[in-house]
Amino acid sequence: MKNITVLFPGGFKPITGAHLELANRYATHPEVDRVIMLCGPKPRAGITREKTIELFNLLNKNPNIEIRPTEFNSPITAAYEYLFELPEQWIGRYAMAASTKGDDYVRTKSFVPNVDMYKITGDKQGRMIAKGVDAIEINLNVDPLPYENGEPISASTVRKAIVNNDYKTFKSSYPAQPEALIKNAWEILTDNPTLTKEWWISNLTPDFYELFEGSMGHESSKKHNKKIEKLKKYLKNNTGKEFIYNFDEFNKTVMGAKLNESKQLISEGGAGGHMNHPYDDHSLTFNNMKEMVSRALQGRLDIEEAVTEKTDGQNIFVTFKDRQIGFARGSRTIKNPMSVQAIQDKYAGRGAVSRAFGHSAEDLAEAFSRVDQKELKRIFKNGKVFANMEIIYPDTKNVVAYEIAVLQFHNLVEFDLETGQSVLTDMSGGKLIQSVVQEANAHLQKTFSFIPPHQIKLGRITDFEDQQEAFFNEIDQLKDRYALKETELVTEYHKAWWAEVIEKQAVKMQYNIPESVLDKLVYRWAFNVKSTRINNLVKEIDSEQFVTWVREFDGNDFKTYQKQNMEPFENIFLRLGAVVLKNVQNYLSASPDAAVQTLKQELNTTIKQVQTSDNINILTKLEQQLKKIENMGGFDSIVPIEGIVFVFKGKTYKLTGAFAPVNQILGTLKYAK
């Protein structure tokens with residue numbers, strides 16, 4: 001029976017080819033369902049856990065292997081703590097990863113008896129591992145992956161290679177990995193590009209001087225254009241996928257090469273911290289969608305990182321720069337953070353909102369004054385890193401009533417201070433900064449207390465099989481509409497859907513639409529790729545009637561069609577959110593039952609008031625949102641939580657259930673007045 005989870009804990013600073021090889025050996029075992037690599041927090045020689053996770057996302061290609069941060073440096077402790085965190089009703093088989101020929105095999109021998117003991121008597125704190133957890137032993141009789149000299153590949157050798165700028169040894173630490181990926185890995189760990197000036201000169205010798213003279217010549221131009229077309233075709237066929245430039249496949253480039261129509265389709269890999277709904281992400285495959293649904297219904301959305309509550313408060317960013325606390329609410333203030341006085345002045349005269357932002361700024365300043373200043377400088381990199389926070393204040397309730405005043409740290413975000421754009425997000429950073437404040441005994445302030453991201457416990461829903469079958473059938477219907485494969489991106493559905501709309505109109509107008517025009521219109525309306533101006537695009541159309549339709553559609557109707565295109569995917573994941581959120585075991589709200597009752601009363605009052613309006617647009621909006629709530633199970637689907645945040649395949653997503661339409665309805669009356 002293929003249902004064993006293998007726990008593979010370690011420091012992984014950095015992760016090596018040997019680590020990945022052992023994980024892959026376990027992942028291909030006939031009884032193993034998944035391998036979870038538990039990465040400890042302690043940095044080694046400047047290599048942080050964040051860089052290790054980024055490296056894993058780059059190098060790992062096995063969907064059955066995942067990496068998850070742990071707060072425990074001891075690998076064996078990390079494994080036990082993972083099991084202690086499982087819900088009481090959890091059922092599953094678990095093994096500890098180790099080669100029988102490795103030095104760490106000894107530690108795994110006590111894993112099974114210790115887990116059995118913790119199930120019966122608990123640990124020293126009285127904690128128990130769930131009775132349904134079955135610890136077993138899986139032995140792999142394999143030699144550690146070696147270098148050419150026979151020595152085992154190790155993280156310490158990789159660290160030494162980085163210190164010595166020894167790219168050759170570094171490369172040999174990742175056998176079987178493509179050269180482009182290894183170079184990318186080197187850049188991640190060293191912050192130095194492998195493609196130096198000397199590399200460019202040696203690899204572009206025939207064209208080097210020609211480039212700086214600003215002339216390619218006729219033959220070089222033909223060769224370059226052919227390469228660019230090949231690259232554009234590749235990007236078009238791999239929309240949403242991670243892209244690493246392969247210099248063997250596309251071996252030369254020149255200054256000024258225009259890839260505007262393609263570059264917008266390149267998607268960054270790894271966890272950027274931006275929270276999409278799953279239906280917003282076109283880079284998912286149909287299989288990915290099914291796996292996400294299955295994890296959610298089984299209560300297993302935490303297999304990569306802990307599931308946290310998406311709270312309904314006011315957002316603020318805080319940093320520490322030049323020994324002063326600073327606040328931000330947008331890109332302008334990221335570059336020039338506001339002082340405590342500035343944040344109070346900004347929200348002055350706004351009643352409860354003034355108190356919420358003003359008191360939070362004061363409490364944060366007081367808390368940071370008690371924390372070791374060197375520690376704050378290290379965390380915030382003198383203003384480059386900000387803590388993303390939420391102000392939860394009873395008097396500024398939006399939709400969900402919490403009845404507590406807390407400042408909740410979500411994550412740490414590093415910014416490019418020149419552009420104000422985020423470049424890296426540490427999803428475990430919220431817990432880190434809160435622990436630093438708490439260790440300084442500064443987490444209880446005058447108005448607010450400080451909390452980390454609120455971790456949510458999810459269990460397997462009671463009618464799992466029936467629900468999973470229903471969701472899978474809906475996904476299959478979308479897949480089968482255009483005869484797509486399980487492994488294809490949902491992007492292909494959207495492309496086919498829009499092509500169908502456009503081609504029907506072309507046939508109606510007896511216009512034989514060229515493929516180039518069709519592609520540009522599909523990408524313009526499906527993915528907002530507008531590198532070709534509409535005035536230039538219509539010049540390629542030799543039908544005045546079709547040109548008129550394109551202009552009118554582009555100016556008015558296409559947004560309505562966008563909603564129709566996304567609606568079936570949106571319905572699937574909103575309903576999934578409603579099912580999952582009803583199964584939450586611990587809300588942040590102090591009185592969840594009372595909060596739901598209050599919410600329903602407010603909703604009923606708002607609906608009755610809106611229904612008296614003579615504004616047809618407001619009434620239509622109300623009808624649309626009520627339909628969404630009905631599709632999710634009616635008012636019974638309303639719970640005292642905005643949603644949950646989880647990580648899937650290294651990306652951060654949210655499930656919100658009924659909150660979104662409820663929020664829309666409650667906001668309708670406010671803005672209608």
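Q: Is Gln505 buried or exposed, and at what relative accessibility?
A: In this predicted model, Gln505 counts as buried, because its relative accessibility is 15% and the limit for that class is under 20%.

Q: Where is Gln505 found?
A: Gln505 is found in helix 20, which covers residues 490–508.

Q: Leaving aside neighbours within four places in sequence, what is Gln505 in contact with?
A: With that exclusion, Gln505 is in contact with Phe546 and Trp549. Gln505 and Phe546 lie 41 residues apart in sequence, and their C-alpha atoms are 8.0 Å apart in space.

Q: Which residues touch the most other members in the largest nonpolar core?
A: Phe546 and Ile644 do, in a core of 88 residues. Helix 23, residues 544–581, gives the most to this core, with 16 residues.

Q: What does Ile644 touch, not counting residues up to four places away in sequence?
A: Ile644 touches Leu301, Val307, Thr308, Lys310, Ile456 and Leu458, and also Val580, Leu581, Tyr653, Lys654 and Leu655.

Q: Which residues does the second core include?
A: The second core is separate and has 42 residues; among them are Leu22, Leu58, Ile138 and Leu140.

Q: Let us turn to Lys479. Is that residue buried or exposed?
A: Lys479 is buried, because its relative accessible area is 9%, against a limit of under 20%. Lys479 is found in helix 19, residues 464–481.

Q: Which side chain has a polar contact with that of Lys479?
A: The side chain of Asp480 does, in a polar contact of 2.7 Å. Beyond neighbours within four places in sequence, Lys479 is in contact with Phe286, Leu484, Lys485 and Glu486.

Q: Now the strands. In what order do the five strands of the open sheet come?
A: The order is 3-2-1-4-5, and the pairing is parallel. At the edges are strand 3 (65–69) and strand 5 (132–135), each of which pairs on one side only. Direction ignored, neighbouring strands of this sheet are turned by 30 degrees against each other on average.

Q: How many bridges join strand 1 to strand 4?
A: Four bridges join strand 1 (residues 4–10) to strand 4 (residues 91–96), and the two run parallel. Within this pair, Val6 stands opposite Ala95 in strand 4.

Q: Which helix packs on the sheet, and what does that helix touch?
A: Helix 3, residues 75–84, packs on the sheet and touches strand 1, strand 2 (32–39), strand 3, strand 4 and strand 5. The direction of helix 3 makes about 140 degrees with that of strand 1.

Q: What about strand 10: how many of its eleven residues are buried?
A: Ten of them are, so that strand, residues 406–416, is mostly covered, as buried here means under 20% relative accessible area.

Q: How does strand 10 pair with strand 9 and strand 12, parallel or antiparallel?
A: Strand 9 (residues 385–392) and strand 10 run antiparallel and are joined by eight bridges. Strand 12 (residues 449–451) runs parallel to strand 10, with three bridges between them. As for individual positions, Asn388 has Asn411 in strand 10 as its bridge partner, and Leu407 stands opposite Phe450 in strand 12.

Q: And what joins strand 10 to strand 11?
A: Five bridges do, in the antiparallel sense, with strand 11 covering residues 421–426. Glu414 has Leu424 in strand 11 as its bridge partner. Strand 10 and strand 11 form a hairpin with four residues between them, and Gly420 in the turn has a positive phi of about 80 degrees.

Q: On to helix 5. Which of its residues are buried?
A: In helix 5, residues 111–120, the buried residues are Phe111, Val112, Val115, Tyr118 and Lys119.

Q: Why do they line one face of the helix?
A: Seen down the axis of helix 5, the buried residues fall within an arc of 130 degrees, so they line one face. In general, an α-helix has 3.6 residues a turn, so residues three or four places apart point the same way.

Q: Which residue follows helix 5?
A: Helix 5 is followed by Gly122, whose phi is positive, near 80 degrees.

Q: Finally, the overall picture: how many helices and strands are there in the protein?
A: The secondary structure comes to 26 helices and 14 strands. Of the 673 residues in the protein, 50% are buried. Among contacts with a separation of 6 or more, 73% are between residues 24 or more positions apart.

Key
Residues are numbered from 1 along each chain as its sequence is written. This is a predicted model: local features need pLDDT of at least 70, side-chain atom pairs count only at pLDDT 80 or more; totals for chains, interfaces and linings use all residues. Side-chain values use heavy atoms; hydrogens and water are left out. Buried means under 20% relative accessible area, exposed over 50%, partly exposed in between (1.4 Å probe, protein chains only). The arc is that of the directions from the helix axis to the C-beta atoms. A nonpolar core is a set of buried Ala, Val, Leu, Ile, Met, Phe, Trp, Tyr and Cys residues joined through side-chain atoms within 4.5 Å. Contact means heavy atoms within 4.5 Å. Two strands pair if DSSP finds at least two bridges between them. A polar contact is a pair of N or O atoms within 3.5 Å; within protein, one must be able to donate a hydrogen and the other to accept it, and residues adjacent in sequence count only if both atoms are side-chain atoms. Axes are lines fitted to C-alpha atoms, for helices over the stretch in contact, and angles run from 0 to 180 degrees between N-to-C directions.
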